[in-house]
Amino acid sequence: MELLLKTCVLRRNACTAVCFWRSHAVQKPSVKKISTTSPRSTVMPAWVIDKYGKNEVLRFTQNMMIPVIHYPNEVIIKVHAASVNPIDVNMRSGYGATALNMKRDPLHIKTKGEEFPLTLGRDVSGVVMECGLDVRYFKPGDEVWAAVPPWKQGTLSEFVVVSGNEVSLKPKSLTHTQAASLPYVALTAWSAIHKVGGLNDKNCTGKRVLILGASGGVGTFAIQVMKAWAAHVTAVCSQDASELVRKLGADDVIDYRSGNMEEQLKSLKPFDFILDNVGGSTETWALNFLKKWSGATYVTLVTPFLLNMDRLGIADGMLQTGVTMGSKTLKHFWQGVHYRWAFFMASGLYLDDIAKLVDEGKRYLGSGVISDSEGLWDCGSWFVTLGAVTGSAVFLCILHHSGCERVPVHAGKLEQVTEHAYFCIVWLVESIKFSEDIEVLPSFG
């Protein structure tokens, strides 16, 4: 027995010695690890917040821990391009924190503030670096895109971990920069139109569709999907965006600033489907323009769910939300129309369908959606995109971790965020400097 033990010890030491010679003192694992993150680097650059607040809480760090695979269905993506949506501005200020923290920690094991440092950003286009054991549809080196759920760490970093069922192969016809501007708004529109609204390419032909807030990111994508499915689309937006929505395929365009928007809608035939990206007072009159007792549906993306949770807490907030939703649904059901709420839904399967539309040329990409600046910028050490919440101009720019290239730029005011969804494609930089007198090009989308 003693001889046997000595033999085992000698063999283990020999194995360790061989592993040391070949792998720099990393012992040869007896089983395959779920996470195979390279041991050569453990930190990465990222944009994070350490508390909720205004723009000053945003911090650029070189020392964010590189994410690892915790579950066998996850993949690690090296970020080539990411984008900022209005939800990121709201999350920075603490919007939805109660509900999102419940999703992150349903058993309330962690202490308050454990979500920090929190990385923002929902959209990503990049390359798969590592795959969990159960991932069958992707392999390292695949070019992919995804929209990360808001309760997970975001995409404004060098690497991000996502579930395999949230990922899809990137459309071949798009660059990483272009692809990163689409997933979040596309999936939000797809959820409202297809999942909640029940519309698809087989039942949409000839249907009359009204889109409120049509020149925003969700609205512009919804127009194109509806037209690809042969629907008749009426778009409500400001006059300065009318040319864009017509270019995207809208059959009728109504300027909500004209002062007689409801009168113009009354002159049109009733609608089979209404998508509301604006909310507020619109639902008090918009449902009057649906076809009664025909299965017509009104879907709004502006709901009180997260606000109720923040204001009333988890239990009371969910109760209040349920009462509100139930009462409105029943009220309008007895009036002959369907009333629905829709939310963003992360789905690789839906992104597969969207990618197919994109590659078939049914998704318009042009100067109205992605604009190119002619100049080169030296990008600097702080991020101005999440600037003032009301009034002041917001500059959105492309950053690159190894230098500057041609820079797609989107600019606007966050007070107009219900009308225009402004995107920022962000590629990380190591040293950043931002000029305040730069010229920016307006863009919708």
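**Exercise 1.** Which residue's side chain meets that of Lys78 in a salt bridge, and what is the N to O distance?

*Solution.* The model is predicted, so local features need pLDDT of at least 70 and side-chain atom pairs count only at pLDDT 80 or more, while totals for chains, interfaces and linings use all residues. Residues are numbered from 1 along each chain as its sequence is written, and side-chain values use heavy atoms, with hydrogens and water left out. A salt bridge requires a side-chain nitrogen of Lys or Arg within 4 Å of a carboxyl oxygen of Asp or Glu; Lys78 satisfies this with Glu158 at 3.1 Å, N to O. The two lie 80 residues apart, Lys78 in strand β3 (residues 74–84) and Glu158 in the loop between β6 (143–147) and β7 (159–163), where strands are DSSP runs of E with at least two residues, and helices are runs of H or I with at least four, numbered from the N terminus.

**Exercise 2.** Classify Lys139 and Asp142, whose side chains meet in a salt bridge, as buried, partly exposed or exposed.

*Solution.* Buried means under 20% relative accessible area, exposed over 50%, and partly exposed in between (1.4 Å probe, protein chains only). Lys139, at 52%, therefore counts as exposed, whereas Asp142, at 12%, is buried.

**Exercise 3.** Determine which strands stand at the edges of the open sheet of six strands.

*Solution.* The order is β11-β10-β9-β12-β13-β14, with parallel pairing, and two strands pair if DSSP finds at least two bridges between them. Because β11 (252–255) and β14 (338–341) each have a single partner strand, they stand at the edges.
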